[in-house]
Each structure stands twice: as C-alpha cells, then as structure tokens.
Amino acid sequence: MDKLLIKGGQPLKGEVHISGAKNAALPELCAALLSATPLVLHHRPQLNDVRTMETLLSQMGVKITHHNGSVTLDAGTIDWPLAPYELVKTMRASILALGPLLARCGEARVSMPGGCAIGLRPVDQHIKGLQAMGAIIDLEHGYIAARASKLKGTHFTFDVVSVTGTENLLMAATLADGVTVLDNAACEPEIVDLARCLTAMGAKIRGAGTPRIEIEGVTSLHGAEHRIMPDRIESGTFLVAAAATRGEVVLRDADATILDSVLDVLRRAGARIETAKDTITLRSNGVGKAFALVTAPYPGFPTDMQAQMMALATCVSGTSTLIETIFESRMMHVQELKRLGADIDVDGNTARVHGVSKLSGATVMATDLRASACLVIAGLMADGETTIDRIYHLDRGYEKIEEKLSGLGASIRRAKGGTATDAATLS
Ligand code: UD1
C-alpha cells in the first residue's frame with residue numbers, strides 16, 4: 001500500500017487549479033445510462049472513484065472513451081443492468097446506477113452497499129422513492145433487485161435529506177410517466193449541476209437546488225455535452241491547508257458562491273479571503289482563532305469538510321467546537337490527530353479541540369477519504385516527518401494531491417507499496 005511522507009512546517013504559497021467535482025461526476029456518469037446516444041462530460045477529474053464508476057458502467061455495456069480531460073459515454077445498448085458486490089463494496093456511490101438503469105431498462109440489480117467506515121448509511125430512501133414510482137423491489141442475496149415496466153410520476157417526501165437519494169430519484173423521474181415532485185430534497189450544488197446535465201439531455205426539471213424538485217417525465221433523453229462543476233470540497237481542503245500552514249494561496253477554476261459556509265468559518269478563524277470570478281485567495285493572519293461549526297445539509301457546513309477543519313483547530317488559540325450531525329462515526333481522525341500531539345475531547349458527536357502551539361510528526365493511518373485529507377493538513381503543519389499509511393482513501397477523491405501540494409511548496413512524496421486489499425470505505 002502506498003504511503004505519503006510529509007516534512008511539515010512550510011507555509012503553502014502559490015496557485016492551484018481545482019479539478020472537476022467527484023460528487024458531481026459520479027451521478028453524471030450514471031446519467032449516461034438514460035440515453036441511447038453519447039453523453040460527453042468535460043473537466044473529468046482523474047480519481048479512483050471516477051475510474052471505478054467507469055469500470056462499472058463499461059461492465060454494463062457502456063462504451064467509454066477519454067480525450068483531453070473529457071469522457072464520452074455511449075450507452076447505445078445496455079447488456080447487463082447489474083452493479084456487482086465487488087465494485088459496490090469499494091464505492092458506495094455505485095447505488096447511483098439503480099435509478100437510471102431501472103428507468104431505461106425496466107430492471108436493475110445493484111448490490112446493497114452495507115455499512116462503511118463513517119457510519120451505517122442505509123439506502124432506504126432510494127428504495128422507498130423508487131417503490132413510490134411503482135417499482136417492485138426485492139432484497140435478495142445481498143442485492144437490490146428492482147423491476148418496473150414503466151416508472152410513474154409520484155409525490156415523494158424524503159424522511160431524511162439524502163444527496164445520492166435525491167440524485168437517484170431525480171434521474172429515474174426524467175423518464176417516468178407523468179410529473180414527479182420530490183419534497184425535502186437535498187439542495188447540494190452537485191444536484192444543481194446534475195440537473196443542468198440532465199436538462200442538456202432533454203429532461204424537464206424545475207427547482208433543483210431547493211427542497212422541492214419537480215420533474216416532468218419525457219419519453220427519451222438524448223446525448224449532450226456538459227462541463228463538470230469545480231470540486232468545492234477540494235477547494236475547501238486547499239484553503240484550510242493554506243490557513244493551517246499560515247500560507248497564502250490562490251485557487252483557480254474555483255467557485256466561491258458554493259462555499260459560503262466554509263469561507264465564513266475560515267474568516268472566523270482569522271483568515272483573510274477575497275473572491276472573484278473563478279478565483280479564491282486566502283491569506284493567513286498568523287495564529288488563527290478558535291471557531292465553532294455544526295455540519296448540516298447544504299447550505300450548512302459540509303460534513304465532508306469537518307475533518308480538515310479539525311486539523312486547523314489543533315493549532316489555533318483557544319478551544320474550537322465541531323459538531324457532526326450527518327454521520328454517526330465521522331471522528332476517526334481524532335485518535336490519529338492525537339498521535340501528532342493534538343489535544344481533543346470527544347463527547348458523542350461533539351469534538352472540543354484545545355489549540356496547542358505545534359504538532360509533531362509521527363506515523364498515522366488514514367481511515368476514510370476526508371480523514372486522510374485531515375491528516376495531510378496536520379502533516380503539513382507538524383514539525384518533522386509525518387508518514388500517512390493507507391492513502392488509497394485519498395486517491396479516491398483528490399486528483400494529483402502530492403503534485404498540487406508540491407506546487408505550493410510542500411515537501412511531500414509518495415512511497416510506493418503493495419496493493420490495497422481493504423479499500424471498502426466510502427464517502
Ligand atoms: C453524499 C456524498 C458524501 C457526503 C454526503 C453528505 C456523494 C457521492 N457522496 O453521500 O460525500 O458526505 O452526501 O453530504 O455525493 N440516509 C438514510 N437513508 C438513505 C440515505 C441516507 O438514512 O436512504 C442518511 C445517511 O445515513 C446519513 C444522511 O442520511 O446519515 C445523509 O446521507 P446522504 O446524503 O445520503 O449521503 P450520500 O448521498 O451517501
């Protein structure tokens with residue numbers, strides 16, 4: 001398994017380009033299943049999760065070609081509407097194939113994702129929503145087996161706000177008979193981007209980005225071209241890394257308008273931030289100040305940024321409070337941060353982080369995708385060398401992270417190892 005070796009203590013300085021968003025790319029790749037003519041996605045991030053989704057789609061019969069940062073997906077024929085356990089266990093977002101397969105083929109078999117490192121993460125909302133659209137769903141041999149000769153428009157209210165749940169039903173509803181209304185829908189910017197992609201393919205959608213989405217089903221969708229939005233979590237991660245190392249960075253190809261809650265907390269922590277079209281500049285103001293945050297569905301503070309903010313909190317003056325409300329086990333980075341000298345108390349879903357003057361490098365282990373990003377930031381802050389084990393998690397969601405950080409002056413390198421065998425964690 002690869003490791004990352006980081007010599008900390010250097011402020012990050014310079015410019016970095018932000019990649020296409022993982023969490024927009026994954027549903028948009030699945031959207032290709034809805035059309036018999038090719039979908040072209042530009043600004044494709046080079047990530048393991050994107051490669052896994054493409055492998056899954058090609059096993060179904062989708063023809064995939066890459067050219068200059070774009071991908072063309074031709075789902076002219078779908079031979080095998082199945083997402084097998086072997087792939088779903090490495091990437092929970094494979095569940096996103098369920099709605100489009102069912103809408104296009106009238107049947108689908110997708111492995112149940114099961115538990116994962118950051119919590120139980122059930123898929124009951126995906127299933128209930130599709131049942132409300134008339135699908136017959138059986139849970140057999142660890143698989144969700146769904147059938148529907150034609151999905152029907154319905155009024156469905158989510159019991160909990162679910163990002164991929166909203167995306168699955170949104171995609172399924174584009175080809176349903178009649179109008180579907182989704183209430184208590186997730187409002188994440190990735191849903192707005194998916195709706196843009198589907199609209200370019202001929203779908204009729206109103207209200208994406210609000211808690212009520214209305215979809216008027218059409219008989220077929222067609223191919224289109226779409227540019228994947230910038231990754232707001234990658235953007236936030238580089239901003240936190242700059243603040244935490246007391247540096248100064250400019251993000252290029254970024255979108256500040258979808259990062260309000262993160263920029264607010266960074267400002268409260270003492271960073272100076274300027275935004276312009278496509279760029280965000282952060283200048284640290286020396287030792288930061290303690291802050292408080294509570295994770296919540298968009299436009300609240302993203303759970304996918306909680307771990308990175310905790311790394312920043314370890315060395316600001318005063319005690320910061322971080323409350324996780326989305327996932328029940330998303331504090332696994334705490335034990336690793338403590339190995340680097342952080343002073344943190346955890347009570348249930350609340351972490352109190354008492355700022356210390358510095359962290360000291362050690363060997364730590366990444367437990368999930370965003371926890372890995374937290375440890376990279378902590379390694380950049382720490383005195384001496386930090387070794388991060390199990391970084392296959394990081395490769396799932398950050399494109400060329402060592403290259404990008406080296407470009408900002410970090411001393412970071414990858415030590416090649418064997419193959420990851422237990423990559424079954426998610427986010
Ligand atoms: C997506 C993101 C992930 C992010 C998360 C929350 C993708 C590929 N992943 O994950 O990076 O951390 O949103 O912003 O976009 N829940 C249920 N039943 C369901 C579905 C969800 O109870 O059927 C619960 C989950 O256990 C969790 C909460 O709802 O507590 C939110 O989960 P959800 O929004 O579905 O997360 P994902 O879509 O899996």
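By class, the residues that form the shell around the ligand in this predicted model comprise eight nonpolar, seven polar and five charged residues. The shell holds 20 residues in total, and those that come nearest to the ligand are Asp124, Ser162, Thr164, Asp304 and Ile326. Two helices, helix 5 (124-132) and helix 6 (163-173), each supply at least two residues of this shell. Of the elements that contribute, helix 5 gives the most, with three residues. The ligand itself sits in the largest pocket.

Several polar contacts link the ligand to the protein. A polar side-chain atom of Asp304 lies 2.6 Å from an oxygen atom of the ligand. The backbone also takes part: a polar backbone atom of Ile326 is 2.6 Å from an oxygen atom of the ligand. In addition, an N or O atom in the side chain of Arg92 is 3.1 Å from a ligand oxygen atom. The ligand taken alone exposes 740 Å², of which the protein buries 89%.

Helix 6, one of the two helices named above as suppliers of the shell, is mostly covered, with ten of its eleven residues buried. The buried residues of helix 6 are Thr164, Gly165, Thr166, Glu167, Asn168, Leu169, Leu170, Met171, Ala172 and Ala173. The list thus includes Thr164, which is also among the residues that come nearest to the ligand. The N-terminal end of helix 6 is capped by Ser162, a side-chain oxygen of which lies 2.9 Å from the backbone nitrogen of Gly165. Ser162 is likewise one of the residues that come nearest to the ligand.

A charged residue is also found under cover in another helix. Arg232 belongs to helix 8 (residues 232-244). With a relative accessible area of 10%, Arg232 falls under the 20% limit and is therefore classed as buried. The side chain of Arg232 makes a polar contact with the side chain of Glu190, at 2.8 Å.

Some features of the backbone depart from the usual pattern. In general, most residues other than glycine have a negative phi, and most peptide bonds are trans. A cis peptide bond, however, joins Tyr298 and Pro299, with omega at about 10°. Pro299 is found in the loop between strand 18 (292-294) and helix 10 (306-313). A positive phi of about 60° occurs at Asn184, although Asn184 is not a glycine. Asn184 lies in the loop between strand 11 (179-183) and helix 7 (189-200), and its relative accessible area of 28% makes Asn184 partly exposed. Asp253, also not a glycine, has a positive phi of about 60°. The position of Asp253 is in the loop between strand 15 (248-252) and helix 9 (260-268). Asp253 has a relative accessibility of 31% and so counts as partly exposed.

Distances between C-alpha atoms show how residues separated in sequence are placed in space. Ala21 and Glu234 are 213 residues apart in sequence, yet their C-alpha atoms are 8.0 Å apart. Ala21 is found in the loop between strand 2 (13-17) and helix 1 (22-31). Because its relative accessible area is 1%, Ala21 is buried. Arg283, in strand 17 (residues 279-283), is separated from Leu239 by 44 residues in sequence and by 9.1 Å in space, C-alpha to C-alpha. Arg283 counts as partly exposed, at 25% relative accessibility. A further pair consists of Val346 and Ile323, which are 23 residues apart in sequence and 9.7 Å apart in space, C-alpha to C-alpha. Val346 is found in strand 20 (residues 343-347) and is partly exposed, with a relative accessible area of 40%.

Definitions and conventions: Residues are numbered from 1 along each chain as its sequence is written. This is a predicted model: local features need pLDDT of at least 70, side-chain atom pairs count only at pLDDT 80 or more; totals for chains, interfaces and linings use all residues. Side-chain values use heavy atoms; hydrogens and water are left out. A residue is near a molecule or strand if one of its heavy atoms lies within 4 Å of it. A polar contact is a pair of N or O atoms within 3.5 Å; within protein, one must be able to donate a hydrogen and the other to accept it, and residues adjacent in sequence count only if both atoms are side-chain atoms. Accessible areas come from the Shrake-Rupley method with a 1.4 Å probe; for residues, only the protein chains shown count as cover. On a 1 Å grid over the protein atoms alone, a cavity is a set of points where a 1.4 Å probe fits but cannot get out, and a pocket is an open set with protein on both sides within 12 Å along at least five of seven lines; lining residues have an atom within 4 Å of a point. A molecule sits in a cavity or pocket if more than half of its atoms lie within 2 Å of its grid points. Helices (H or I, at least four residues) and strands (E, at least two) are DSSP runs, numbered from the N terminus. Ala, Val, Leu, Ile, Met, Phe, Trp, Tyr, Cys and Pro count as nonpolar, Asp, Glu, Lys and Arg as charged, and the others, Gly among them, as polar. Buried means under 20% relative accessible area, exposed over 50%, partly exposed in between (1.4 Å probe, protein chains only).
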